Amino acid sequence: MRLLLHTAPGLGGILQKQLQSSAGNIRFLSRRFVSDKNDLLVVDAESLQEVLTSRVVEDAFFLFLYRDNISPNMQGLRDLGRVLASAIKTDRWQEAIRYRFDQLPASRRKHRVVTFRPVVRLQGSHVFTRSQLRATAEEILVSTLPRNWRLVKDNSLVEVWITVIDNEVWGGVRLTPDYSKRYAYKQYHVEASLRPSIAAAMVWLSCPRNDDVFLDPFCGAGTILIERALAGRYRLIIGSDKSREAIEVASSNIGPRYKPIELHQWDATSIPLEHDSVDAIVTNPPFGYRYGSKESNKELYPAFLQEAGRILKPDGRLVVVTTEDKLMRHLIGQDWRELVTVKVWVLGMRATIFAMERR
Ligand SMILES: C[S@@+](CC[C@H](N)C(=O)[O-])C[C@H]1O[C@@H](n2cnc3c(N)ncnc32)[C@H](O)[C@@H]1O
């Protein structure tokens with residue numbers, strides 16, 4: 001099946017590598033960037049499940065339409081309408097709908113009325129607007145789909161996503177549940193909590209191993225800890241944060257699951273763990289907006305990196321996401337070897353994931 005995948009903006013490259021190195025039979029076809037929204041990947045896979053084992057994937061769609069000859073003018077919009085109308089008459093659309101219904105619990109599979117809605121995205125220079133694109137998609141769907149299909153604004157059984165980037169269009173039927181169900185553990189929040197797909201990508205960059213002692217010393221709501229727990233076996237997961245409230249929030253999100261896991265109220269600049277005792281540190285320190293300040297980061301970051309260097313085993317990995325690029329590059333200097341850097345968007349800001357080893 002041909003799938004269109006969404007991940008957080010900037011993570012497309014990591015997701016591609018992760019899928020290509022996974023045990024499944026996934027063939028990568030193409031990748032695009034939808035600014036501020038998503039990276040978009042097209043892959044061929046044998047099943048949806050093999051793709052969804054990657055938690056870097058936020059959403060998956062059955063791809064029923066692709067064209068790369070859409071002109072940016074009003075004629076382009078009319079062509080899009082025609083292309084959509086004919087795509088809905090193909091076997092591929094039927095297959096997409098079948099897959100969508102297969103995802104539903106048995107009780108929801110039989111209904112006389114099928115609700116649907118189009119979700120449209122438009123990027124690039126076009127004469128037509130996003131609302132005109134949506135109106136065209138709605139008109140075509142209403143006039144082409146069977147009589148028992150009803151257009152609704154929200155909570156539809158079928159979501160038809162139309163993404164136009166420059167002269168390309170992708171049409172997909174959404175197969176994944178909404179975001180809150182895919183990352184259901186995230187019930188309680190702290191400010192500036194990390195998007196789970198970014199946490200999952202960072203965990204992957206730490207090269208998880210079955211006997212890992214894993215630490216997030218700025219754990220906030222526990223997103224990175226839980227993504228590590230979901231990534232496979234480990235010896236021990238430790239989460240710590242200076243704030244008592246953050247520890248309570250993390251503890252609520254973790255609940256009785258993911259053992260063994262410890263939570264501590266510690267300062268990341270003075271962690272009461274032995275030298276060379278941790279295999280991986282994956283973390284999201286304050287950027288200096290909601291927690292601390294740019295000024296205080298000048299002390300926090302070097303003190304934390306020194307502490308990380310002390311407790312990490314010689315072959316251990318440190319993975320950090322931050323908007324403090326310059327400061328990090330300055331600090332990496334003599335003591336760390338940079339393995340990978342990845343540009344991502346976190347809360348609308350350009351940030352960098354640094355994966356490092358001790359020198
Ligand atoms: C950006 S938030 C982390 C969010 C977390 N990744 C999540 O997904 O919820 C930064 C966290 O660092 C904590 N923090 C700030 N200074 C700290 C310090 N010196 N030691 C430990 N934690 C600290 C804050 O309390 C906050 O929870």
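This report walks through the ligand site and the domain layout of a predicted model.

## Where the ligand sits

Let's start with the ligand. Its place is the largest pocket, where 21 residues surround it. If you would like to find the site in the viewer, Ser193, Leu194, Ala221, Thr223 and Asp241 are the closest of these residues.

What classes of residue make up the shell around the ligand? There are 13 nonpolar residues, together with five polar and three charged ones.

## Polar contacts to the ligand

Two side chains reach oxygen atoms of the ligand. For Thr223, a polar side-chain atom lies 2.5 Å from a ligand oxygen. For Asp241, an N or O atom of the side chain is 2.7 Å from an oxygen atom of the ligand. Both Thr223 and Asp241 are also listed among the closest residues.

Lys242 takes part through its backbone: a polar backbone atom of this residue is 3.1 Å from a nitrogen atom of the ligand. How much of the ligand's accessible area does the protein cover? On its own, the ligand has 600 Å² of accessible area, and the protein covers 94% of that.

## How the chain is divided

Stepping back to the protein chain, the domain assignment gives domain 1 as residues 2-180 and domain 2 as residues 196-358. Measuring between C-alpha centres is one handy way to place them: those of domain 1 and domain 2 lie 34 Å apart.

The two domains also touch. On the domain 1 side, 15 residues are in contact with 14 residues of domain 2.

Definitions and conventions:
Residues are numbered from 1 along each chain as its sequence is written. This is a predicted model: local features need pLDDT of at least 70, side-chain atom pairs count only at pLDDT 80 or more; totals for chains, interfaces and linings use all residues. Side-chain values use heavy atoms; hydrogens and water are left out. A residue is near a molecule or strand if one of its heavy atoms lies within 4 Å of it. A polar contact is a pair of N or O atoms within 3.5 Å; within protein, one must be able to donate a hydrogen and the other to accept it, and residues adjacent in sequence count only if both atoms are side-chain atoms. Accessible areas come from the Shrake-Rupley method with a 1.4 Å probe; for residues, only the protein chains shown count as cover. On a 1 Å grid over the protein atoms alone, a cavity is a set of points where a 1.4 Å probe fits but cannot get out, and a pocket is an open set with protein on both sides within 12 Å along at least five of seven lines; lining residues have an atom within 4 Å of a point. A molecule sits in a cavity or pocket if more than half of its atoms lie within 2 Å of its grid points. Ala, Val, Leu, Ile, Met, Phe, Trp, Tyr, Cys and Pro count as nonpolar, Asp, Glu, Lys and Arg as charged, and the others, Gly among them, as polar. Domain bounds come from an automatic or database domain assignment. Contact means heavy atoms within 4.5 Å.
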